[in-house]
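User: I would like to learn how to read metal sites, cores and sheets from a set of coordinates. Could you take me through them step by step?

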Amino acid sequence: MDARDGTYLSKSMQYELSEDAGRNASDNPTFGDIVNARFGRRDMLRGGLGVAAMTALAIPAMSLLTSKAAKAAVGGFGFEEIEAGVDETHHVAAGHTAQVLIRWGDPVVAGAPAFDPENQTAAAQEMQFGYNSDYVGYVPLPRGSETADHGLLVVNHEYVNSELMFPGLANAEGEYDLADLTPEQIAIEMAAHGLSVVEVRKEGDGWAVVPDSRYGRRITALSTMMTVSGPAAGHDRLKTSADPEGRNVIGTFNNCAGGTTPWGTILTAEENFHGYFAGTLPEGHRETENYARYGAPDGSYAWSREHARFDVGQEPNEPNRYGWMVEVDPYDPNSVPVKRTALGRFKHEGAESIMNGDGRVVVYMGDDERFDYLYKYVSDGRVDLENPASNGALLDEGTLFVARFDEDGTMEWMPLVHGQGPLTAENGFEAQADVAIETRRAADLLGATKMDRPEDVEPNPTNGRVYLMLTNNTRREAGQENAVNPRPDNAYGHIVEIVTPDGDHAATSATWEILVKCGDPDNPDHGAAWHSDISANGWFGSPDNCAIDPQGRLWISTDGNDFEYSGRTDGLWAMETEGERRGFSKLFFRVPVGAEMCGPKFTPDGKALFLAVQHPADGGSEWPGFGRPSTYADPSTRWPDFDPDMPVRPSVVVVTRDDGGAIG
Ligand code: FEO
Ligand code: CA
Ligand code: CA
Ligand code: CA
């Protein structure tokens, strides 16, 4: 059974299938005779690689630090780690408190009705917190301040688990037919996607959502109007019957991770957009090859039944209007979100940015699909923090680069510029708009390095380094390894550290090392490599989102650990990146059964940590403690309410330390 036949598979299965649909068929090099991983501290490793095999080049341990580095002392993690495992609830390290801050269905927009799961409406959902939170951003109030106890949370709602949302929809197998969704349920699904903006403040020992805040806002797939800027704005390939100008798009969806700009706006990443489109392109349509590279249309949702724009037979250009990076100004609830096409069109995972030493903004972005690429964008102009409204234009004029990792431990950032190299009319690129719309094909032609699913990629402002989460790639076969993706059948993923020259994020070259190869170091089949001191709880697989805390330390949240896979749920691990304990990690927080760990986001003082618990109770059969498919009526957990009248609810949690100090 396949979603494309109109029958619902489990959402996690569907998600996995969909991430393969636009598989990279380019012949960019994947072969390498390098069997050695590159590690900076080879003497401290534990795992599948013998010391004799680790003969890779040494890299100078430190690059020049940015000015902020002098102020930031990188300290170790003092908390006592928790035990890995699986049960119905969340767990946090002793001495810390994890409080559920906001749940699916809670009020967001002033005047929102109370959550009534048995009588859901799209009108209510458009005012309430959406489903399946992924990215969590925190911007201080007022704008431009460093306020750590009062600000706006901006939360992505990536997708929906309709079998867990709607009473009576799924059968005992957790399945349903797309045809069984009512028009109102389809509208609820669309309203549960997008983003929420909520005002939050510290109150006593905990945090609270400010009720009826003037900042409270929902942005949805159903009704929020957005504009398009940059090279593809107004291009013929973006025009539709509803938008003959090619500049006004309804909504955003599959918003996975994102980032916060130096001027306090949020970038939200449109990831697996292909799944929402159905139908068949007219024979010989010019977008056939373009859409095939992205796996569209995939037909995983029923939205095309109610909205012709999701049927490519009726609106063949509509998929070109998604897959972008969208900028949202959370401080102005009336602001119109902008699709910034200069940042390229692909299955955008995240968009963490940094103000470079010369004042330009640099945005790092992964394309989360097996064998796809790592990108960055460098603005032409410089950030003006005195004039925040002027800075959005920096995301329209600049250069998009794609990464090529070389086997000697260096890398090149290759510009995706029309007219340069193969990006010419002979190859179908008439203008920069075509490079933006078909970013993947342009990157194929430049010979970018095929990666093991680039998820979050985050610059560390304290030392000029950049951390890249490569979540996994079980389709990489023996013989397809390359130096930066050294494992075939890479089920556990790895983390790469990029060392910018003199802390210059705009430079077109850099060096790199593998920080850790994930998996169980005591299981030789995993081929993992970790610091020798980690405990049985300290390892993980499938690194996905990450955060750098104010001390410059790395925190990693995972997507893919479960009982069958590892005997442990997803969670948040803290990892040392400096000194003798570089690569050492400890488990800080774990999610309830079925969930993925998202966020994470620290307040500027490091004393509060926001975490998103995405798709709790997803699946169910693989956990012997439950052993059957989860449904609305019978979920594997009713986290976080544990109320028989409440469904399981994806939620955002805030963690604080009981003595009021910095987390960790
Ligand atoms: Fe939505 Fe790439 O995870
Ligand atoms: Ca992700
Ligand atoms: Ca991040
Ligand atoms: Ca993921």
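Analyst: What follows goes through the metal sites, the strands beside them, the nonpolar cores, an open sheet and a helix, all in a predicted model.

User: Let me begin with the metals: which protein atoms are the donors of the calcium ion (ligand 2), and how far from it do they lie?

Analyst: The general idea is to list the atoms that hold the ion and then to look at their angles. For the calcium ion (ligand 2), the protein donors are two OE atoms of Glu-349, an OE atom of Glu-455 and two OD atoms of Asp-544, at 2.2 to 3.0 Å. Along the sequence these donor residues follow the spacing E-x105-E-x88-D.

User: What geometry does the site of the calcium ion (ligand 2) have?

Analyst: As a reference, ideal angles are 90 or 180 degrees for six octahedral donors at a metal. Here the angles among the six donor atoms run from 46 to 141°, and the site is irregular. A caution applies to such a reading, because water is not among the atoms and sites may look incomplete.

User: Which residue coordinates both the calcium ion (ligand 2) and the calcium ion (ligand 4)?

Analyst: Glu-455 coordinates both ions, which are 3.5 Å apart. Glu-455 belongs to strand β20 (residues 454-459) and Asp-544 to strand β25 (residues 543-548), so this pair ties together parts that lie 89 residues apart in sequence. The calcium ion (ligand 4) is coordinated by Glu-455 (OE), Asp-544 (OD) and Asp-559 (OD) at 2.3 to 2.4 Å, and the spacing of its donor residues in sequence is E-x88-D-x14-D.

User: Are Glu-455 and Asp-544 buried or exposed?

Analyst: The test is relative accessible area, where buried means under 20%. Glu-455, at 2% relative accessibility, counts as buried, and Asp-544, at 1%, counts as buried as well.

User: Strand β25 carries Asp-544; how many bridges join β25 to β26?

Analyst: In general, strands of a sheet pair through backbone hydrogen bonds, either parallel or antiparallel. In this case β25 and β26 run antiparallel and are joined by four bridges, with Trp-555 in β26 as the bridge partner of Ala-547. Their hairpin has five residues between the strands, and Gly-552 takes a positive phi near 85° there. On to the next pairing: β26 is also joined by four bridges to strand β27 (residues 571-575), again with the two strands running antiparallel, and Ser-557 has Leu-572 in β27 as its bridge partner.

User: Why is strand β26 described as largely enclosed by the rest of the structure?

Analyst: Five of the five residues of β26 (residues 554-558) are buried, so the strand is largely enclosed by the rest of the structure. The burial covers both faces, with Leu-554, Ile-556 and Thr-558 on one side and Trp-555 and Ser-557 on the other.

User: Which residues touch the most other members of the largest nonpolar core?

Analyst: In soluble globular proteins, nonpolar side chains tend to be buried together. The largest nonpolar core holds 73 residues, of which Met-365 and Leu-416 touch the most other members. Helix α4 (residues 183-192) supplies the largest share of this core, five residues. A second, separate core of 46 residues includes Cys-546, Ile-548, Ile-556 and Leu-572.

User: In what order do the four strands of the open sheet stand?

Analyst: The order is β3-β31-β30-β29, with antiparallel pairing. The edges are β3 (96-103) and β29 (596-602), each having a single partner strand, so one side of each is left without a neighbour in the sheet. Neighbouring strands are turned against each other by 25° on average, direction ignored. Seven bridges join β3 to strand β31 (residues 651-657), and Thr-97 stands opposite Thr-656 in β31.

User: Finally, how many of the eight residues of helix α8 are buried?

Analyst: Seven of the eight residues of α8 (residues 439-446) are buried, so this helix is largely enclosed by the rest of the structure. The buried residues of α8 pack against α5 (288-294), β17 (374-382), β18 (398-405), β19 (410-415) and α7 (432-437). After α8 comes Gly-447, with a positive phi near 80°.

Methods:
Residues are numbered from 1 along each chain as its sequence is written. Chains are lettered from A and ligands numbered from 1 in the order in which they are written. This is a predicted model: local features need pLDDT of at least 70, side-chain atom pairs count only at pLDDT 80 or more; totals for chains, interfaces and linings use all residues. Side-chain values use heavy atoms; hydrogens and water are left out. Donors are N, O and S atoms within 2.8 Å of the metal (3.2 Å for Na, K and Ca); water is not among the atoms, so sites may look incomplete. Four donors count as tetrahedral if all angles lie between 85 and 135 degrees; four count as square planar and six as octahedral if opposite donors are over 155 degrees apart and all others between 65 and 115; anything else is irregular. Buried means under 20% relative accessible area, exposed over 50%, partly exposed in between (1.4 Å probe, protein chains only). A nonpolar core is a set of buried Ala, Val, Leu, Ile, Met, Phe, Trp, Tyr and Cys residues joined through side-chain atoms within 4.5 Å. Two strands pair if DSSP finds at least two bridges between them. Axes are lines fitted to C-alpha atoms, for helices over the stretch in contact, and angles run from 0 to 180 degrees between N-to-C directions. Contact means heavy atoms within 4.5 Å.
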